[in-house]
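Biologist: I'm new to reading structures, and I'd like a slow, close look at one part of this one. Could you pick a stretch, walk me along it, and then set it beside a few other spots?

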Amino acid sequence: MNIINIADTVMNRAARYHEHRVEGLEHIPASGPGLIVVNHSLATYDSGLLAAAIKAKLGRDVWLLGDRYIFKVPVLRDMATAYGFVEGSQHNAESLLRDGELVLVAPGGMREALRPSSQKYQLDISDRKGFAKLAMRTGAPVILSACPAADDIYHVVSNPVTDWVYNRYKLAAPVIFGKYGTIIPKPAKLVHYLNAPMSPPDNGTDDDPEAVDAFHARLESRLQEMLTEHAST
């Protein structure tokens, strides 16, 4: 079995385990570029489930922007690449969008993923404006996707070691508890809720700080609304 088949098998099993589904697939463009923006959970693979569902239902590939550290770990790097992850950078994302592709990004990155469970369902992207600039620069519509239950896969414990390792080395060292207190993921039922595409300003540039701030604020506010709304459903 090659690495692509292994990746597909793992994700198919994860989808069944979490009874994964997507609401709002009609908001994904049938063709042309689209920037899918998601909240970042510690589990991370929930984004892969969304990409797989889009591929299965709509026949469109989704390129996922991954943290750089993923590509420094041999086996993880190979599986991520096989499943459509590319190293997260403005250059890679812009090239793909200008080629008319779908790109998925979790702007909060590892920092948001490491939030303790006392802060679950809360975005941490107030200073992460690169994705808004990217959409403005390329003209790509932004499709927001909220999956609040992804924060229920693990119980993440607040502790100084996790903070120190991240702040010093930008690496993950979480204290987590999954099913039965182990690292096995809890069988949280995962639903991705998609928002109607939000178009960037028409000027086609990202050199206006006020315009960037305004667009970013719209996106951040709406995604947080979606998380809060669907966390109780």
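Modeller: First, a bit of vocabulary: a residue counts as buried when its relative accessible area is under 20%, as exposed when it is over 50%, and as partly exposed in between. Also keep in mind that this is a predicted model.

Let's start at Glu19, in the loop between helix 1 and strand 1 (21–23). Is Glu19 buried, exposed or partly exposed? Its relative accessibility is 49%, so Glu19 counts as partly exposed. The backbone has a quirk here too: Glu19 isn't a glycine, yet its phi is positive, at about 50°.

Now step back into helix 1, which covers residues 3–17 and packs against helix 2, residues 45–58. Two packed helices are described by the angle between their axes and the distance between the axes. For this pair the angle is about 95° and the axes are 10 Å apart, so helix 1 and helix 2 are roughly perpendicular to each other. Who touches whom? From helix 1 come Met11, Ala14 and Ala15, and they meet Tyr45, Gly48 and Leu49 of helix 2. Sorted by class, that contact has five nonpolar residues, one polar and no charged ones.

With that stretch in mind, try Tyr180, in the loop between strand 8 (175–177) and strand 9. Tyr180 is another non-glycine with a positive phi, about 60°. Its relative accessibility is 74%, so Tyr180 counts as exposed.

For a loop residue that is tucked away, look at Asn159, between strand 7 (155–157) and helix 7 (160–169). Asn159 has a relative accessible area of 13%, which means it is buried. Its side chain has a polar atom 3.1 Å from the backbone nitrogen of Val161, and one 2.9 Å from the backbone nitrogen of Thr162.

Last stop, helix 8: its 23 residues, 209–231, reach 32 Å from first C-alpha to last, close to the expected 33 Å. At its N-terminal end, Asp208 acts as a cap, with a side-chain oxygen 3.1 Å from the backbone nitrogen of Glu210. Its buried residues include Phe215, Leu219, Leu223 and Leu227. In an α-helix there are 3.6 residues a turn, so residues three or four places apart point the same way. Among the elements covering the buried residues of helix 8 are strand 2 (34–38), helix 6 (130–138) and strand 6 (142–146).

Key: Residues numbered from 1 in each chain as written. Predicted model: local features only at pLDDT ≥ 70, side-chain atom pairs only at ≥ 80, totals over all residues. Heavy atoms only, no water. Helix = DSSP H or I, 4+ residues; strand = E, 2+ residues; numbered from the N terminus. Expected span 1.5 Å × (residues − 1). Buried < 20%, exposed > 50% of the residue type's maximum accessible area, 1.4 Å probe, protein only. Contact = heavy atoms within 4.5 Å. Polar contact = N/O pair within 3.5 Å; in protein donor to acceptor, adjacent residues only side chain to side chain. Axes fitted to C-alpha atoms, helices over the stretch in contact; angles between N-to-C directions. Parallel < 35°, antiparallel > 145°, perpendicular 65-115°, else oblique. Nonpolar A, V, L, I, M, F, W, Y, C, P; charged D, E, K, R; others polar.
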